[in-house]
Amino acid sequence: MDVAHCNLDGNADAVEFCPHDSYHHVLAASTYTLQEGDRPSRAGSISLFNVDADLGRLDLFHRIETAGIFDIKWNPVGGSVSPLLAQADAGGYLRIHGLECCSDEARAGFSLREITDEKISSAMCLCLDWNPSATSITVGLSDGSVSIASIVESQLETQELWKAHDFEVWAASFDTHQPQLVYTGSDDCKFSCWDLRDGPSKLAFQNTKVHTMGVCCIVKTPNDPNTVLTGSYDEYLRVWDVRSISRPVNETSICLGGGVWRIKYHPFVSGLVLTACMHNGFSVVKINGDKAEVIETYSKHESLAYGADWHREKSFREGKRNSTLVATCSFYDRLLRLWMPESVLQDSVL
């Protein structure tokens with residue numbers, strides 16, 4: 001069910017609901033636009049929206065201009081740390097913005113201020129992920145390198161930088177249960193894992209045979225220490241058993257009809273994921289052990305499906321049973337949409 005939509009100021013590539021309590025209504029959306037000509041440039045922006053699912057409202061309250069952005073992520077919830085939004089951009093920078101209260105009620109009471117940045121490389125920063133304690137960020141780069149940056153007293157500092165792949169690294173993520181491990185994926189079709197306890201980082205495994213095209217995203221299952229999901233340009237979502245970290249096993253796979261660019265686990269429903277499938281819109285997939293099935297698709301975007309995220313609160317729209325709100329965005333049509341999957345009802349799962 002459609003709730004609201006709007007057009008962004010550039011090509012839309014990522015959307016992220018804030019996971020922190022009291023900020024669940026805040027949605028961040030980022031853009032990347034290549035401006036061609038005698039002096040080509042890569043421009044971007046971060047837009048902050050106030051979301052009210054019950055009223056069907058999507059209100060822009062803050063926007064900042066940046067270099068072209070490839071990825072954004074909020075810091076994980078925990079401790080006394082306030083909401084921080086990290087960006088990986090085309091200028092080779094990793095930047096962190098803080099969500100702050102402001103006195104201007106017209107802007108929903110919040111604004112975004114850059115706290116710190118770090119020039120990671122002359123190559124472009126393509127993806128990022130926070131470790132569970134929000135003290136480090138891993139970054140994948142366009143030259144095949146991977147970086148680890150630490151955050152100490154609100155300052156970023158590069159700790160490690162190593163050549164991990166032959167081509168662009170589109171996926172880099174921490175193992176949430178074993179944060180000394182970092183998974184990476186690349187256009188070289190390799191799915192790799194690195195042990196940060198041995199510096200420069202030691203290769204724990206590298207699978208070169210299963211993905212037939214580039215690896216776009218890697219996600220650790222939040223409630224299962226043994227399962228990792230990968231998405232690839234070859235249109236398959238794959239489920240991996242990483243119990244033996246040196247020999248991961250591809251348990252099952254499902255074709256989603258488009259390159260699997262992004263995977264997001266539902267915040268409450270075990271085994272339920274939202275996927276952005278590039279040329280084939282968005283899918284909701286149920287994973288149960290070695291079985292995976294598509295239970296719903298969404299095809300109201302008319303361009304590359306890149307950004308997707310779940311809201312972290314219940315919604316009671318028009319007196320119907322409470323469902324989960326979803327935000328999705330597509331690239332060239334610059335479209336941001338809010339909708340509710342009809343197959344996902346929280347009444348039966350909470």
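# Briefing on strands, aromatic pairs and backbone exceptions

Over residues 208-244 the chain is 0% helix and 49% strand, with the C-alpha atoms at the two ends lying 17 Å apart. The UniProt record, an unreviewed entry, places the feature "repeat: WD" at those residues, 208-244. The model described here is a predicted one. The points below take up two open sheets, a set of aromatic contacts, and several single residues.

**The sheet from S2 to S5**

- Strands S2, S3, S4 and S5 make up an open sheet of 4 strands, in the order S2-S3-S4-S5 and with antiparallel pairing.
- The edges of this sheet are held by strand S2 (12-17) and strand S5 (57-67), each of which pairs on one side only.
- On average, and with direction ignored, neighbouring strands of this sheet are turned by 20° against each other.
- Strand S2 is mostly covered, since 6 of its 6 residues are buried.
- The antiparallel pairing of S2 with S3 extends over 5 bridges, and within the two strands Val15 stands opposite Ala29 in S3.
- Strand S3 (residues 26-35) and strand S4 (residues 41-52) run antiparallel and are joined by 10 bridges, while Thr33 has Ala43 in S4 standing opposite.

**The sheet from S22 to S25**

- A sheet with the order S22-S23-S24-S25 is likewise described as open, with 4 strands and antiparallel pairing.
- Strand S22 (262-265) and strand S25 (291-298) stand at the edges of this sheet, and because each has a single partner strand, one side of each is left without a neighbour in the sheet.
- Neighbouring strands here are turned against each other by 25° on average, again with direction ignored.
- S22 and strand S23 (residues 272-276) run antiparallel and are joined by 4 bridges, and the bridge partner of Lys264 is Leu274 in S23.

**Aromatic rings**

- The structure holds 13 aromatic pairs.
- One of these is formed by Phe191 and Phe205, an edge-to-face pair with 5.1 Å from centre to centre and 75° between the planes.
- This pair links distant parts of the chain, as Phe191 belongs to strand S16 (residues 191-195) and Phe205 to strand S17 (residues 202-207), the two residues being 14 residues apart; both Phe191 and Phe205 are buried.
- Phe191 also forms an aromatic pair with Trp240, and this one is tilted, with 5.0 Å from centre to centre and 55° between the planes.
- The pair of Phe191 and Trp240 again links distant parts of the chain, from strand S16 to strand S20 (residues 236-241), with the two positions 49 residues apart in the numbering; Phe191 is buried, and Trp240 is buried as well.
- One aromatic cluster is formed by Tyr32, Phe70, Trp170, Tyr233, Trp261, Tyr306, Phe331 and Tyr332.
- The ring of Tyr93 has the charged end of Arg95 sitting over it, at 4.3 Å from the ring centre.

**Positive phi outside glycine**

- Most residues other than glycine have a negative phi.
- Cys189, which is not a glycine, has a positive phi near 70°, and its place is in the loop between strand S15 (181-186) and S16.
- Cys189 counts as buried because its relative accessibility is 18%, which lies under the 20% limit for that class.
- Glu235 likewise has a positive phi, of about 80°, although it is not a glycine, and it is found in the loop between strand S19 (227-232) and S20.
- Glu235 is partly exposed, because its relative accessible area is 30%, a value that falls between the 20% and 50% limits.

**A buried serine with a polar contact**

- Ser330 is found in strand S27 (residues 323-330), and because its relative accessibility is 0%, Ser330 counts as buried.
- The side chains of Ser330 and Asp333 are joined by a polar contact of 2.6 Å.

Definitions and conventions. Residues numbered from 1 in each chain as written. Heavy atoms only, no water. Pairing = 2+ DSSP bridges. Axes fitted to C-alpha atoms, helices over the stretch in contact; angles between N-to-C directions. UniProt positions renumbered as here; feature names shortened; annotations may be inferred. Phe/Tyr/Trp six-rings, centres within 6.5 Å; stacked < 30°, edge-to-face > 60°. Buried < 20%, exposed > 50% of the residue type's maximum accessible area, 1.4 Å probe, protein only. Lys NZ or Arg CZ within 6 Å of the ring centre and 35° of its normal. Polar contact = N/O pair within 3.5 Å; in protein donor to acceptor, adjacent residues only side chain to side chain.
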